[in-house]
Amino acid sequence: MAARGCGGVWRRARQRSAGGPGPGPAPSPRGQRAVACNSRGGAVPAGKSGLAPWIPVVGLEIHAQISSNSKLFSGSQVQFAAPPNSLVSFFDASLPGTLPVLNRRCVEAAVMTGLALNCSINKKSLFDRKHYFYADLPAGYQITQQRVPIAVNGSLSYSLCTDNKMSQMVTKTVRIKQIQLEQDSGKSLHDDTRSQTLVDLNRAGVGLMEVVMEPDMCCGEEAAAAVRELQLILQTLGSSQAVMAEGQLRVDANVSVHHPGEPYGVRTEVKNINSIRFLAKAVDYEIQRQIEELENGGKILNETRAFDSKLGCTVPMRDKEAKQDYRFMPEPNLPPLILYDAKSLPANMNHQQVINIDWIHKRLPDLPSVKREKLVEQYGILPEHSFTLLNEDGLAEFFESVVKQTQMKPKKVIGWILNDLLSYLKQHSLTVEESPVSSFLLADLLNLLERNKISSTAAKLVLAELWKGEGKTPLEIVKEQKLELLQDQKELEQICQAVIDGQENEVIMMVPG
Amino acid sequence: LPLKGGLRSQVSAALKEGRVTPTELCQRCLALIKSTKFLNAYITVAEETALKQAEESEERYKKGQPLGILDGIPIAVKDNFNTTGIETTCASNMLKGYISPYNATVVQKLLDQGAVLLGKTNLDEFAMGSGSTDGVFGPVRNPWSYSKQYKKKSVPKSRSESEESNWVITGGSSGGSAAAVSSFTCFAALGSDTGGSTRNPAAHCGVVGLKPTYGLISRHGLIPLVNSMDVPGILTRCVDDAAVLLGSLAGHDPKDSTTIQDDFMPFELPNLTDVSKLSIGIPKEYHAPGLSSEILSLWSKAADLFKNAGAKVVEVSLPHTRYSIVCYHVLCTAEVASNMARFDGLEYGHRSDMKESTEIMYAATRREGFNDVVRGRILSGNYFLLKQNYEKYFVKAQKVRRLIANDFVKVFRSGVDILLTPTTLSDAAPYMEFIQEDNRTRSAQDDILTQAANMAGLPAINVPTALSKRGLPVGLQFIGRSFQEKQLLTVAKWFEKQVQFPMIQLEEVKRHDSGVFQHQKFFSFS
């Protein structure tokens with residue numbers, strides 16, 4: 001099967017500086033990305049050595065923590081950064097005799113996500129035990145859905161730009177193999193100096209959706225764009241908060257390279273990726289590393305590697321038991337998870353007694369792609385602007401609010417939003433919500449501009465003043481700093497005369513003769 | 001004060017009428033537990049809390065507001081059910097000293113209905129066994145070893161041998177509970193039944209042992225052996241009492257997703273007078289190798305009893321039952337391997353002092369904490385679950401299990417109401433004889449007649465039927481349709497009435513008892 005969604009091939013690996021394999025100085029990510037982007041056009045000549053070009057293949061496994069008040073199989077609360085071991089039920093600590101009880105909310109979240117990702121929802125899915133010994137896995141096994149997951153065969157469309165100016169958007173699709181419900185593990189903290197391991201079980205048993213993406217991507221940027229789109233979808237649905245920094249969205253990348261017409265190469269799994277930016281870096285690094293390794297006559301091991309964000313490279317994870325046999329077994333304490341649709345719903349049952357897929361489907365919110373289309377259609381803005389609006393949390397709402405409160409055309413408003421507001425926020429690492437300038441103030445300012453009360457240059461000065469957040473209105477600032485455009489002909493003449501009068505020499509020079 | 005009858009008909013009435021108080025009942029049971037300590041039926045006796053519970057019950061009776069039939073009734077619970085405040089050990093080093101922070105649902109239900117919890121009964125380690133001989137607290141002795149009936153018939157090889165080598169096992173793994181009920185130290189006890197662990201010791205100890213339909217009683221708080229087969233078992237002196245206990249325990253539990261959704265309606269058992277509409281099935285495959293001629297003849301007598309009373313008695317076939325032992329071995333060990341994974345010494349239970357690394361600690365903890373039987377099952381279970389073996393063993397065993405279950409479905413669909421089979425191959429073996437063979441072989445032999453009901457999830461009950469030539473109890477098993485406990489128990493009650501199983505005459509207890517006087521008083525009472 002050829003890689004889908006990307007016909008790209010990579011040319012021969014750039015020579016790395018001497019030092020051989022290992023965490024040496026990494027090639028610049030910029031350079032790698034350029035390779036990927038250039039290649040997207042299609043045919044790329046073979047490398048200098050005359051070897052055939054390389055096709056990278058990237059698949060992703062994404063763990064999204066379900067946004068839910070309680071855990072997947074217990075009543076313990078779910079909360080980030082709570083005091084260690086304060087959110088642990090008897091079941092979470094695997095006390096003998098305790099049994100799992102499935103959390104309805106988690107199932108609904110998975111169904112919503114499955115529907116949003118165009119999956120078919122399995123009306124009967126099963127739970128399995130996956131066994132391994134680890135300090136933060138108290139039961140010695142994780143309850144997951146290995147055999148029959150809750151959702152299968154979906155797809156995710158995502159867009160990315162083909163140059164840095166964001167003016168050329170390309171839409172691609174990655175197939176979703178499956179979504180499975182499973183338990184999160186706890187956290188182990190290794191104290192090497194005292195050779196102790198501290199275990200926090202707050203996270204143990206929190207519901208996860210594992211989204212498995214087929215290897216339809218071919219570079220870090222595609223992987224990053226796909227994950228970003230998934231993140232937006234999850235956040236729109238509310239099925240996960242999907243904040244990577246808080247571990248609510250965790251991405252493992254499967255990477256391999258092969259020559260056109262040949263079977264897929266041996267893949268590695270890259271873990272420890274905790275931001276979208278690092279995802280792109282990690283994938284591109286790994287592709288580059290594999291190409292180099294192969295071209296130097298080396299072999300790719302089917303191994304797990306960790307991304308070291310400081311060094312910008314991937315390193316093999318020390319994994320004593322490379323050949324883990326998880327000894328999967330059906331979870332005997334949970335009956336099959338049965339879902340219904342309008343057709344199969346038993347009589348006398350409403351959506352509160354059972355989970356009705358159709359009921360959930362009808363109530364799905366607008367997904368990001370639909371929202372973008374609506375923004376483009378309603379406000380006449382460019383498609384790429386709609387991406388930026390949705391990429392920042394709350395920015396689209398901010399934009400719409402400004403538009404509502406001003407006479408300025410949305411097409412013009414968008415410039416102020418993207419060029420002025422957004423760049424200011426980015427400079428100061430602020431979220432839209434934290435913006436010192438509210439949509440009301442910005443609209444106020446734009447109205448002054450629109451009514452020709454001030455010039456666009458003056459508007460920028462006012463905005464600069466507004467950032468200070470001193471509670472002044474745009475009009476007050478305009479007055480204070482005398483930034484009004486002069487509407488009075490006589491006054492204007494007087495000012496001009498005064499200027500001329502003050503600059504007699506220059507005037508004389510300018511008058512011919 | 002004759003209280004030989006049932007809980008409903010006699011004991012409860014005596015309590016209500018004030019002929020006996022809960023505290024008196026409790027004290028007498030506690031005294032008897034002490035005087036029968038040599039039976040090793042109890043691991044922990046909760047004297048203090050039991051007396052307190054009895055006192056509270058007494059208050060309720062004084063106010064004329066007892067909570068029901070079970071109010072003030074002394075009961076015992078197998079030591080693989082979680083109990084707050086009382087150790088839950090599973091007869092294993094792994095859980096020695098472990099005090100659970102919660103009550104098993106069944107324990108909570110009993111307490112909520114006013115029952116007095118006397119203590120926790122002995123078992124095979126983690127309920128893995130069929131003799132109650134393989135626990136860390138030593139073997140349980142069958143009270144019948146010390147009965148007039150047994151003493152009369154068993155001729156000791158020599159004088160010196162008689163005492164130590166002639167005592168017989170209780171069967172297992174709920175041997176402690178069976179012995180406790182059989183020796184009158186409690187009025188009812190909870191066991192667990194995965195392959196026959198309630199019915200087998202019930203048969204050997206001459207008490208009623210009910211294994212309800214899978215899903216009828218909550219497993220929450222029962223430390224699992226095989227989750228897909230475990231059910232809490234009920235051990236009582238008579239079938240009526242089993243119905244009382246069942247009524248107090250059955251029904252949906254939100255903490256156990258495998259329990260039935262519907263509410264359970266407790267029932268009183270009618271006195272069946274007409275069995276002519278009944279169809280009793282005799283499965284021919286239960287003529288198992290090793291079935292003693294004595295039991296075989298008892299079985300056919302029982303069949304004749306039904307026939308003569310007008311019931312239809314038909315031979316039926318359960319062709320796949322003979323695969324049940326090997327099938328059980330695979331499924332049981334696989335689940336055991338999985339269930340035992342949590343005992344790593346981190347959160348609770350035994351933790352080894354070897355702490356060079358987490359892995360070393362795990363290994364040492366588990367080696368020190370589990371006996372050979374448990375470790376052996378973990379090893380084979382993990383083998384069956386290996387990726388390369390999963391299809392060949394586990395999946396195949398699951399398919400065979402389905403075939404075994406389907407056999408029952410077919411038989412019941414053909415119009416048979418109840419199956420009648422032996423519960424055990426023979427009467428209880430002397431301990432010295434029993435331990436000649438290893439746990440695995442014994443379990444395979446002993447579970448053969450009881451296990452299929454667990455595979456199929458069906459309700460089954462042991463009814464004490466007669467005494468063997470050696471003066472030991474022999475029981476027969478009735479297997480019913482899923483969730484048809486009422487029919488099953490009604491037929492069992494009819495049968496119980498016909499056979500008039502003799503009361504144990506615990507002669508030996510007196511010899512072991514320092515407080516003989518107190519003791520005799522009790523016996524006239526019970």
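## Across the interface and inside the chains

Reader: How many salt bridges does the rule find across the interface of chain B and chain A?

Author: Zero turn up between chain B and chain A. For a salt bridge, a side-chain nitrogen of Lys or Arg has to lie within 4 Å of a carboxyl oxygen of Asp or Glu. Keep in mind that this is a predicted model, where local features need pLDDT of at least 70, side-chain atom pairs count only at pLDDT 80 or more, and totals for chains, interfaces and linings use all residues; side-chain values use heavy atoms, leaving out hydrogens and water.

Reader: OK, and how many residue pairs are in polar contact between chain B and chain A?

Author: There are 18 such pairs, with both residues at pLDDT 80 or more. Polar contact here is a pair of N or O atoms within 3.5 Å; within protein, one must be able to donate a hydrogen and the other to accept it, and residues adjacent in sequence count only if both atoms are side-chain atoms.

Reader: Which helices of chain B supply at least two residues each to the side that touches chain A?

Author: Those are α11 (324-339), α12 (358-369), α13 (372-385) and α14 (387-413) of chain B. Helices are DSSP runs of H or I, at least four residues, and strands are runs of E, at least two, numbered from the N terminus. On numbering, residues run from 1 along each chain as its sequence is written, and chains are lettered from A and ligands numbered from 1 in the order in which they are written.

Reader: How do the residues on that side of chain B divide?

Author: Into 19 nonpolar, 12 polar and 10 charged. Nonpolar covers Ala, Val, Leu, Ile, Met, Phe, Trp, Tyr, Cys and Pro, charged covers Asp, Glu, Lys and Arg, and the others, Gly among them, are polar.

Reader: What area is buried between chain B and chain A?

Author: About 2700 Å², with carbon and sulfur atoms giving 57% of it. That is the accessible area (1.4 Å probe) that two parts lose on being put together, summed over both. In residues, 41 of chain B are in contact (heavy atoms within 4.5 Å) with 31 of chain A.

Reader: Where is B:Thr258 found?

Author: B:Thr258 is in the loop between α9 (239-249) and β7 (279-283) of chain B. Leaving aside neighbours within four places in sequence, its contacts include A:Pro332, A:Asn333 and A:Pro335. The B:Thr258 side chain also makes polar contacts with the side chains of B:Arg219 (3.0 Å) and B:Asp256 (2.6 Å).

Reader: Is B:Thr258 buried or exposed?

Author: Buried, because its relative accessibility is 16%. Buried means under 20% relative accessible area, exposed over 50%, and partly exposed in between (1.4 Å probe, protein chains only).

Reader: Back to salt bridges. What does the count come to over all chains?

Author: The rule gives 37. One of them joins A:Asp341 to A:Lys123, whose closest N and O atoms are 2.9 Å apart. That pair links distant parts of the chain, 218 residues apart. A:Asp341 is buried at 14%, while A:Lys123 is partly exposed at 38%.

Reader: Which residues are linked in a network of salt bridges?

Author: A:Glu286, A:Arg289, A:Glu303 and A:Arg305.

Reader: How many disulfides does a search of the whole structure find?

Author: Zero over all chains, taking a disulfide as two cysteine sulfur atoms within 2.5 Å.

Reader: Why is A:Cys119 too far for a bond?

Author: Because the closest cysteine sulfur, in A:Cys106, is 17 Å from that of A:Cys119. A:Cys119 is also buried, at 9%.
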